[in-house]
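Visitor: I've got a few minutes before my next spin finishes. Could you walk me through the pockets and the ligand here?

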Amino acid sequence: VRIIVIGTGIVGGSFIKLLSLRTADLIRDFGIRPRLVAVADEYGAAINSQGLDQERLLATIKKKGSVCHDPKFGNPGLTGVEVIRENDAEVVVEATPTNVVNGEPGMSHIRTALTERKNVITSNKGPLALALPALLELAQYNGVHLRFSGTVGGGTPILDFAKRSLLGDQIISVQGILNGTTNYILTQMTDEGLPFDVALKEAQKAGFAEANPSMDIDGYDTAAKIVIIANWILKKRVTLKNVELRGIRNITLKEVKDAASKGKRLKLIASAEGGIQVAPKAIPIDHPLCVSGVLNAVTFTSKYAGEETIVGRGAGGMETASALLRDLLEIKNQLARINI
Ligand code: HSE
């Protein structure tokens, strides 16, 4: 499978690393030999139709700050859109940072790839939160796949669980903690008495906060994820502007302690049940959603099976990279079925 990777930050870099770590078992267990034909970042690209060496890419990023500085394969100044248009590949992995204002640069990367009939795997929530219904239509029109299991829950298969495992049921509502950074901040405030700003800095240092932390603490990241769930799982045609949104920026230590004294924990909760909302709520400590640290938890309420909660680490480079790889294997299976 020929792959183009756009974005070499925490997620894109981890994906390249994961491919390198799993080369042998991907060939042995899945019959798949991923070939990175182009990798682009904000400064340019490295291109080799025979396949770029993953270790060499990672070393170039570490030493020189961009893959475009590779002396043999580097192309400084080349944009992601040009790279997608000008190189043959079956799959584009789009892992640039989330932007919920206009979705760029991810929006152009995804649109270009789908229009060029390339399958897309993305961890970028911005374009999906703003235009998921239109992007799914564009993929369908061009006969290719758009997959995004890493956008919700990091490596935890929240979307896949609801889409596949609950196929025989009807999901009525969804409620959950969808952002690791805010859960970490609220947990540190409750358990350690840390002030908001100190807890936020710790989350940034650990690498799971967004490049722009307002995305986490003002609830946009959570809102983007519940929009993706609402479209993909509940079949609602909604975007970010349909979400009633309140983040945790103004939460004080006193509010956190008051909730704790009543046997509850403050959590940033997203819910889709009729309307779509994101707001801080006090959750009883014995409720399955009451998970701490960077964990995410989502409760699906189905007509016949009732409430089911899935819990897991909702952020992190290698965790999200494992979701990208899951999507790659899924697309490979779909392509194999078509080719039979
Ligand atoms: N900033 C996000 C979080 C990363 O903290 O959950 C994963 O989407």
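Visitor: Let's start small. What volume does the second largest pocket have?
Guide: Keep in mind that this is a predicted model. Eleven names might be a lot to take in, but the lining includes Ala162, Lys163, Trp232 and Ile233. The second largest pocket comes out at about 200 Å³.

Visitor: Which helix gives the most to the lining of the second largest pocket?
Guide: Look at the lining residues, among them Ala162, Lys163 and Arg164. Those three fall within residues 158-165, and three is the number that the top contributor supplies. That contributor is helix H6.

Visitor: And how many residues of that second lining are charged?
Guide: Lys163, Arg164, Asp169 and Lys235 are in the lining, and Asp, Lys and Arg count as charged. Beside them the split has six nonpolar residues and one polar. The charged count is four.

Visitor: Now the ligand. Which pocket does it sit in?
Guide: Helices H7 (180-192) and H10 (220-232) each supply at least two residues of the shell around the ligand. H7 and H10 also each supply at least two residues of the lining of one pocket, as do helix H1 (10-30), strand E2 (35-41) and helix H12 (317-339). That pocket, with a volume of about 890 Å³, has 44 lining residues, and the closest to its centre are Ile10, Val11, Ala95, Thr96 and Pro97. The ligand sits in the largest pocket.

Visitor: Which group has the most members in that lining: nonpolar, polar or charged?
Guide: The charged residues number seven and the nonpolar ones 14. The remaining group has 23. So the answer, with Gly counted in that group, is polar.

Visitor: What about the ligand's own shell: how many charged residues are there?
Guide: Around the ligand you'll find Lys125, Glu210, Asp216, Asp221 and Lys225, among others. The shell also has three nonpolar and four polar residues. Charged residues number five.

Visitor: Which residue has a side-chain N or O atom 2.6 Å from an oxygen atom of the ligand?
Guide: Two other contacts involve a nitrogen atom of the ligand: one is 2.7 Å from a polar backbone atom of Phe208, and one is 2.8 Å from a side-chain N or O atom of Asp216. The contact you want involves a ligand oxygen and a side chain instead. Its partner is Thr181.

Visitor: With contacts like that, what share of the ligand's exposed area does the protein bury?
Guide: Start from the ligand taken alone, which exposes 250 Å². Of that area, the protein buries 92%.

Methods: Residues are numbered from 1 along each chain as its sequence is written. This is a predicted model: local features need pLDDT of at least 70, side-chain atom pairs count only at pLDDT 80 or more; totals for chains, interfaces and linings use all residues. Side-chain values use heavy atoms; hydrogens and water are left out. A residue is near a molecule or strand if one of its heavy atoms lies within 4 Å of it. A polar contact is a pair of N or O atoms within 3.5 Å; within protein, one must be able to donate a hydrogen and the other to accept it, and residues adjacent in sequence count only if both atoms are side-chain atoms. Accessible areas come from the Shrake-Rupley method with a 1.4 Å probe; for residues, only the protein chains shown count as cover. On a 1 Å grid over the protein atoms alone, a cavity is a set of points where a 1.4 Å probe fits but cannot get out, and a pocket is an open set with protein on both sides within 12 Å along at least five of seven lines; lining residues have an atom within 4 Å of a point. A molecule sits in a cavity or pocket if more than half of its atoms lie within 2 Å of its grid points. Helices (H or I, at least four residues) and strands (E, at least two) are DSSP runs, numbered from the N terminus. Grid points are joined across faces, edges and corners, and a volume is the space filled by probe spheres set on the points.
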